[in-house]
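Hello,

Here is the structure I promised to pass on to you. Have a look at it first, and then read my notes below.

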Amino acid sequence: LWHLYNLILPGDKMKCRTQRKVQSENAATGVTTSVKKVITVILDVQTVDFDTQVGQLRIKGTNTLESENIKMGASHTAEIEVHMKL
């Protein structure tokens, strides 16, 4: 994680699969439900934070790949943990 922290810089583009909470509303009942979905995003990296206590790298940025679950320009944080497959 330390090496990734030193390689990924603000302004870089990063493609990753990540989870995002997606909300949907039932038109008939008006009930809103939320589900976590795995999505692919391309982030325009804004900040990179390394938490040594948790062993986690957080990459914050804006999405540059529009899909049905996330709009272009939406903020997102990708988290990379120890032993995670890259």
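Let me start with one residue, Thr77, which is partly exposed, with a relative accessible area of 32%. Please keep in mind that the model is a predicted one. You will find Thr77 in strand β4. Leaving out residues up to four places away in sequence, Thr77 touches Thr18, Arg58, Ile59 and Lys60. You can also try a distance: Thr77 and Gln46 are 31 residues apart along the chain, and their C-alpha atoms are separated by 9.9 Å.

Now step back to the whole protein. It has one helix and four strands, and if you follow the sequence from its start, the pattern reads α-β-β-β-β. What is the radius of gyration of the protein? The value is 15 Å, whereas a compact globule of 86 residues would have one near 12 Å. Along the principal axes, the C-alpha atoms fill a box of roughly 50 × 25 × 20 Å.

Next, the surface and the inside. Of the 86 residues in the protein, 26% are buried. The protein exposes about 6200 Å², and carbon and sulfur atoms supply 50% of that area. As for charge, there are 11 positive and 9 negative side chains, and the centres of these two sets lie 4 Å apart. Among contacts with a separation of 6 or more, 42% are between residues 24 or more positions apart.

His76 is a good residue to click on next. Strand β4, which covers residues 75–81, is where His76 is found. Is His76 buried or exposed? Its relative accessibility is 7%, so His76 counts as buried, since the cut-off for buried is under 20%. The side chain of His76 makes a polar contact of 3.2 Å with the side chain of Thr18, and another polar contact, of 3.1 Å, joins the side chains of His76 and Arg20. Not counting residues up to four places away in sequence, His76 touches Thr18, Gln19, Arg20, Val41, Leu43, Ile59, Lys60, Gly61 and Ile70. Thr18 is also on the list for Thr77.

Then move to strand β3, residues 56–63, where Gln56 lies. Gln56 counts as buried too, because its relative accessibility is 7%. Which side chains make polar contacts with the side chain of Gln56? One is that of Arg58, at 3.1 Å, and another is that of Glu79, at 3.5 Å. Beyond residues up to four places away in sequence, Gln56 touches Leu1, Asp49, Phe50, Asp51, Glu79, Ile80 and Glu81. Glu79 therefore appears twice for Gln56, as a polar partner and in the list of residues it touches, because touching means heavy atoms within 4.5 Å.

Finally, take a look at His83, in the segment after β4. His83 is exposed, because its relative accessible area is 80% and exposed means over 50%. The phi of His83 is near 70 degrees, a positive value in a residue other than glycine. Most residues other than glycine have a negative phi.

Enjoy exploring, and write back with any questions.

Best wishes

Technical notes
Residues numbered from 1 in each chain as written. Heavy atoms only, no water. Helix = DSSP H or I, 4+ residues; strand = E, 2+ residues; numbered from the N terminus. Rg over C-alpha atoms; globule rule 2.2 N^0.38 Å. Buried < 20%, exposed > 50% of the residue type's maximum accessible area, 1.4 Å probe, protein only. Areas by Shrake-Rupley, 256 points an atom, 1.4 Å probe, with all protein chains shown as cover. Lys, Arg positive; Asp, Glu negative; His and termini not counted. Charge placed at Lys NZ, Arg CZ, Asp CG, Glu CD. Polar contact = N/O pair within 3.5 Å; in protein donor to acceptor, adjacent residues only side chain to side chain.
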